[in-house]
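Biologist: Got a minute to walk me through this one? I'd like to start with how the chains meet.

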Amino acid sequence: MQLLRDGRLTALSVARIDDEAEAAQRLVSLADFDGAPGTAVLVEPDSDTSVASPMLLDQERIYIDFPVFTDGRGYSHARTLRLLHGYAGELVAFGDVRRDQVEFMLRVGIDAFAVADDVDADALVQALDELSHTVGHRFYAGAVAPAEARP
Amino acid sequence: MYQYDDTDRALLKQRLDQFRDQTERFLAGDIPADEYQQLRLRNGVYLQRHAPMLRVAIPYGTFTSEQMRALARVADEYDRGFGHMTTRQNMQFNWIPLERIPDALEELAEHGMHAIQTSGSCIRNITTDPLAGAVADETEDPRPWCELMRQWSTFHPEFNWLPRKFKIALSGAEADRAAIEVHDIGLRLRHDAAGESIFDVWVGGGLGRTPHVGKVIREGVPGAELLRYLEAVLRVYNRHGRRDNKYKARIKILVNALTIDVFREQVDAEYEQTRQFVQRIEPADIERVRAMFATALPREDVVAAAPVEVPRTFEVWRKQNTRAHRTPGYRVVLISLKNPKLPAGDITAAQMRGVAALADELTGGDIRSTHDQNLVLADVPERALFSLWQRLGELDLAIANIGTLADMIVCPGLDFCSLANATSISIWDQINERIDDIDYLHDLGDVKVRISGCMNACGHHHVADIGILGVDKKGVEWYQLTLGGRSQRGARIGQRLGRAVAKADVAEAVQRILDTYTAERQGEESFVDTLDRIGMEPFQERVYATAA
C-alpha cells in the first residue's frame, strides 16, 4: 500500500482490524478511539462526526473509509470534519479509491489517498495532475482547502 | 434566459473531455463495467434494450431555438431522426451507439447543452413551471432560483453518491404546474409581508414503487438561506438514507421511517450548525440572474377578435392549446406532442427545426418543455396566433388536445426500456384508436390518463385521474388501473380499482370508467370530485361487470 499526497507516493502500512495482512498499524474505528495520539482513526460510513473530540482534532491524520466507491457518506464526513470542526490535519481516503473519484474527494477536503497494491498508482497520480486546473467558483460548490477551513 | 459564461463553458468542456476519456478507457477494457455504469449514468447514458439511451438536460425546461436546432442535428446525425421529451423536461435519444455519444455531446456542448446528472444517484435536473414568467397567477418567476440551484447542484462534490436519485421541483405560482408535492424536495416560492422571496419546503414526495405525497418540513425559508437549508436536508439524507436496498433508498423512505417531525429536528440541527459554511445568496447574486430572465415584451395592441372569419378548428385549438398571458396582447401557446401518429412525447428533427424557426420569429428564441411531455412558446403576440396555428399545422403540431385525455404521459415502456415489464406505447395507441373523437375529448374535460410500463412509475400513473400500470404475470402483460390521483396542489396517490385487466381490454376498461364518469358527473364536476362523491364501486361494477 502507498500513500499519495501532493503528487508523491510514499510507503504506507495500515490495515483494517479484521484484515489478515501484515501491517505496521491497524485502523481503529472512530467509535473505539480512546484518544491516544498517533492512532490510525478510521471514520466509517455510519460513524457519527456531528461531534468531534479535541483528541480527534489533534490527530495528524484521519482515515475516511470508502468501503465501495458508490457509498458517498465519506464525502459528508470529510466536509463536516473540515468545515464544522475545522480539522486541519491530513484526511486520507481509504478503501475503494478510484481514479475517477479523486476529484470530488479533493473538493470535500480529502488531501491524501491510500492506494491499494492492486490499483494503478501512476494513473492516479496522472489523474490528479490533470485536475490541477479544476475550476470551482461562484455557486458551483467550490473546493474546501484545509487551510481555509480553520475557524 | 441564462447565458453561459466562460466558467460554465470551461466546466462543460472539462466534463466532456473527462467522459470521452472514461468511455475510451471503458471500451479499451480499462474500467470495470460496474464502475463505468456509474460514470456513464452521471452523463445521462443508459444501456437500453436496443442501444444506449442518451438523456440530454434541459435545465428547468427552458431552452433556445439554437439549442433546439442542435438537438435536431443530433437526432438526424446520431439517432434516427427523433427525440423524446421526458417528464423531467429533458430530451432523450434512443439509438446512439456508445462510441459516438461523446461526439454527440460535443456537438451539444457547443450550444451550452449537456447530459450531466440526468441520471445516477445524484441531484437531477431541477424542474419548474413551464409557464414561468408568462402567467398571471405567478408571484415570482422561479427560473433565476432554478439557475442558482443548477449551479449549486452541478458537480456538488458531497452529493454525487447519494443513496439514490434526488429530484427537486420549484413553483412560483398559485397553481402547481411542477408537481412539487411528489418530489424529493418541492419548493414553493412566495413573498413575505415585506415582499422578500421565501420558500415553503416539502420533502419526501415521490412516485415509484412506494408512492408518497411529500410533507411540509419548513415554511418561509429566506431566499438568501435557500442553498444552506437544502444542504442540510441533503446531508442528513446522504448520511442516514438506506443504502442496503435500492428500493428503500429514496428520501421518502427515510422521512417515513423517522417521521417528518424527527427528520425535521435532524435537518434543523444540521442547518443551525453548518449554515455559516454554505454560500448565502446575496441580493446582487439573484438580481444578476433575474436580469437575464427578464423579458421586455414590446407593447401589443389587444386584438379583439380574429381579423376575418376563422375556421372553427382554429377556435378550438386557441381555446384548448393556448393560455392567458400576464401581458395583454399575448398568449401562452402549448404545442402538443401527443399526436397519435407518434409515441407520446416524440418529436421529429424536422418538427424541432420548425418549432425553432417559429420561436425565432415569435418569442425571441425562447422554448419550454413541459412536465407532461409537450412544448411551450410562452410569449406569442395575439395577432400572430392564426398564422402560428397554420404553420404548426404544416408541421403536424396543431393537434388541439392539450389537457384532454389524449394528452397522456406515457413512459417508453417495453419497446425501449430494459426495466419495463410491459409495453406502454401500444396502450397509448389502443386508447387513441378507441377514443379518437376530438369533440368527445373536449366534452370530457381535463381527465388525465398516464401510463407506466413498470412499477418504477416513469409515466406518473399514481398521480393521474386514470393511472395505468403494466405488470408481468408469468410472461404475460397485464395492466392495473388506479383512479383519483393528482399531482397539482393537494396532491394524492390514486387508488387501485381492482384486479388487472388483459392487454387487449385496457381501452375498453378506460372507456367504461369514462362512461361511469360522464353518467354520474354533476355539471362541470371534475373526475376526482365525482369519484370522491360516488366512490369506487360504480366504476368497479361497470369495468368488471361483464368480465371485460
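Modeller: Sure. I'm calling two residues in contact if their C-beta atoms, placed from the backbone, lie within 7 Å. Keep in mind that this is a predicted model.

Biologist: Fine. So how many residues does the contact take from chain B and from chain A?

Modeller: It takes 26 residues from chain B and 21 residues from chain A.

Biologist: And which helix gives the largest share of the side of chain B that touches chain A?

Modeller: That's α1(B), with four residues. Helices of chain B that each supply at least two residues there include α5 (143-153) and α8 (260-274).

Biologist: How does that side divide into nonpolar, polar and charged?

Modeller: The side of chain B that touches chain A has 10 nonpolar, 11 polar and five charged residues.

Biologist: Switching to helix packing: at what angle do α3 and α4 of chain B pack?

Modeller: About 160°, with the axes 9 Å apart. Angles over 145 degrees count as roughly antiparallel, so α3(B) and α4(B) are roughly antiparallel to each other. Their crossing is right-handed.

Biologist: Which residues make that contact?

Modeller: B:A70, B:R73 and B:V74 come from α3(B), while B:A104, B:E107 and B:L108 come from α4(B). By class, that's four nonpolar, no polar and two charged.

Biologist: Now strands. What does β4(B) pair with?

Modeller: β4(B) pairs in the antiparallel sense with β13(B) over three bridges, and with β5(B) over two. B:F82 stands opposite B:T348 in β13(B), and B:M85 has B:M91 in β5(B) as its bridge partner.

Biologist: And the hairpin of β4(B) and β5(B), how many residues lie between the strands?

Modeller: Five, and B:Q89 takes a positive phi near 65° in that hairpin.

Terms used
Residues are numbered from 1 along each chain as its sequence is written. Chains are lettered from A and ligands numbered from 1 in the order in which they are written. This is a predicted model: local features need pLDDT of at least 70, side-chain atom pairs count only at pLDDT 80 or more; totals for chains, interfaces and linings use all residues. Two strands pair if DSSP finds at least two bridges between them. Ala, Val, Leu, Ile, Met, Phe, Trp, Tyr, Cys and Pro count as nonpolar, Asp, Glu, Lys and Arg as charged, and the others, Gly among them, as polar. Axes are lines fitted to C-alpha atoms, for helices over the stretch in contact, and angles run from 0 to 180 degrees between N-to-C directions. Angles under 35 degrees count as roughly parallel, over 145 as roughly antiparallel, 65 to 115 as roughly perpendicular and the rest as oblique. A crossing is left-handed if the near helix is turned anticlockwise from the far one by less than a right angle, and right-handed if clockwise.
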